[in-house]
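Grab your viewer and a pencil: here are a few exercises to work through on one chain. Each comes with a step-by-step solution, so try the task before reading on.

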Amino acid sequence: MQVSIACTDHNLKRGNGDHSKQSATSPNVVNQARAKFRTVAIIARSFGSFTPRHISLKESTGKHTGMKYRNLGKSGLRVSCLGLEQLMTIAYESGVNLFDTAEVYAGVCHLLCFFFPSYRRSSFVITTKLYWGGKAETERGLSRKHIIEGLKGSLQRMQLEYVDVVFANRPDSNTPMEEIVRAMTYVINQGMAMYWGTSRWTAMEIMEAYSVARQFNLIPPVCEQAEYHLFQREKVEVQLPELYHKIGVGAMTWSPLACGIITGKYENGIPESSRASMKSYQWLKEKIISEDGRKQQAKLKELNHIAEKLGCTLPQLAVGKTLLSCIMTQEKRNIFLLSDNFLSTHLTPSFVLPKMTSHVVSEIDHILGNRPYSKRDYRS
């Protein structure tokens, strides 16, 4: 099973007018950012003993950065075990080759085109997601019309000829599955994408897409983007591994800190400068102040005591736990998409993973009370 943890931060740093590679950042900022990514490389190396051997992309890349590369599901696409949406130049030079976008980020995706000309297009992986493209009825959803036009629009904004993976950003009950699969197959055959995947789809919907593809000799999805954190575990830890073994669908996961809930900043209410205080995130505020939200905050207080014993922060403990779960349950192959803010604030240091003993993991699972069990667990 292949997993990436995605943490989206929309505060892309805007370069100045000449858009040169180094003009927007001072040497000190660049050095600090490089230090962050050296920490990333250390973590990537720490997974080496858990990783099955594969043919490496470029020996020079691995030797200089320590970055690990893995297949996306059972496809031949090789991506770094870490991926970013920001600080692309520094990330790329540190071995990251996977960059995730979406048409809903249309306002900032055009900034990414200033990164692309500096490097060979064949040396990095770009993904995008389709569903919310505009206000018109025909500018959203997964109809053949919107899949084709939406992807063309994304390519124009990023000034690219193709993306490596195009995702259906959520299921669309108004569009027949056959139409979706045929449209995805079409954009791949037209050279606009190399692979396609799903996001927020159920296991049943993914299986339906796979069955339709096999029935009509079309191209099936290779990957699912799923939410994964301490309070959302069953899909990634139980359902997707079964899909991987049956049909080879990998996974990228997003929101490792549950939209900031696991950082602990909502322990005493909603801070004015937080995401939950924004009008567009009213749903998040309601989730936090609900009864379940209060129970989650109580559990986070208990988990914070464990983090203090291990000498790390609560977010670092949370990410460390999800990394370990991936190593143990997802065929020992892991990919992680992170933003620069996530790296600088919540990145799990390499010393945390060795401290995640079976006793610590059991204590965390006992506090959470939500450990998912597979059919294999029940049989044993």
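**Exercise 1.** Find the strand that pairs with β9 in the parallel sense over two bridges, and give the partner of Thr 198 there.

Solution. Some ground rules come with this one. The model is predicted, so local features need pLDDT of at least 70 and side-chain atom pairs count only at pLDDT 80 or more, while totals for chains, interfaces and linings use all residues. Residues are numbered from 1 along each chain as its sequence is written, and side-chain values use heavy atoms, with hydrogens and water left out.

- Step one: helices (H or I, at least four residues) and strands (E, at least two) are DSSP runs, numbered from the N terminus. Two strands pair if DSSP finds at least two bridges between them.
- Step two: the strand you want is β10 (residues 223-227), parallel to β9.
- Step three: in β10, Glu 224 is the bridge partner of Thr 198.
- Step four: to get from β9 to β10, the chain passes through helix α7 (residues 203-215) in a right-handed β-α-β crossover. Right-handed means that, with the strands pointing away from the viewer, the path from the first strand over the helix to the second runs clockwise.

**Exercise 2.** Now look at the other neighbour, β8, and say how many bridges join β8 to β9.

Solution.

- Step one: β8 covers residues 163-168 and runs parallel to β9, with five bridges between them.
- Step two: Val 165 sits opposite Tyr 195 of β9.
- Step three: the link from β8 to β9 goes through helix α6 (residues 177-189), and this β-α-β crossover is right-handed.
- Step four: check the cover on β9 (residues 193-199), where five of the seven residues are buried. Buried means under 20% relative accessible area, exposed over 50%, and partly exposed in between (1.4 Å probe, protein chains only).

**Exercise 3.** Follow the chain through α8 and find where this helix kinks.

Solution.

- Step one: α8 (residues 234-247) has 14 residues and spans 19 Å from first C-alpha to last, close to the 20 Å expected at 1.5 Å a residue. The expected span is 1.5 Å times one less than the number of residues.
- Step two: the kink, about 35 degrees, is at Leu 240, shortly before Pro 241. The bend is the angle between axes fitted to the seven residues ending at a residue and the seven starting there.
- Step three: the buried residues of α8 include Leu 240, Pro 241, Leu 243 and Tyr 244.
- Step four: Gly 248 follows α8 with a positive phi, near 80 degrees.
- Step five: β10 and β11 pair in the parallel sense over five bridges, with Ala 226 opposite Thr 253. The crossover from β10 through α8 to β11 is right-handed too. In β11 (residues 250-254), four of five residues are buried.

**Exercise 4.** Is Pro 171 buried or partly exposed, and which residues does Pro 171 touch?

Solution.

- Step one: Pro 171 lies in the loop between β8 and α6.
- Step two: with a relative accessible area of 22%, Pro 171 counts as partly exposed.
- Step three: leaving aside neighbours within four places in sequence, the contacts (heavy atoms within 4.5 Å) of Pro 171 include Tyr 131, Leu 142, Ser 199 and Trp 201.
- Step four: the C-alpha atoms of Pro 171 and Ser 199 are 7.7 Å apart, although 28 residues separate them along the chain.
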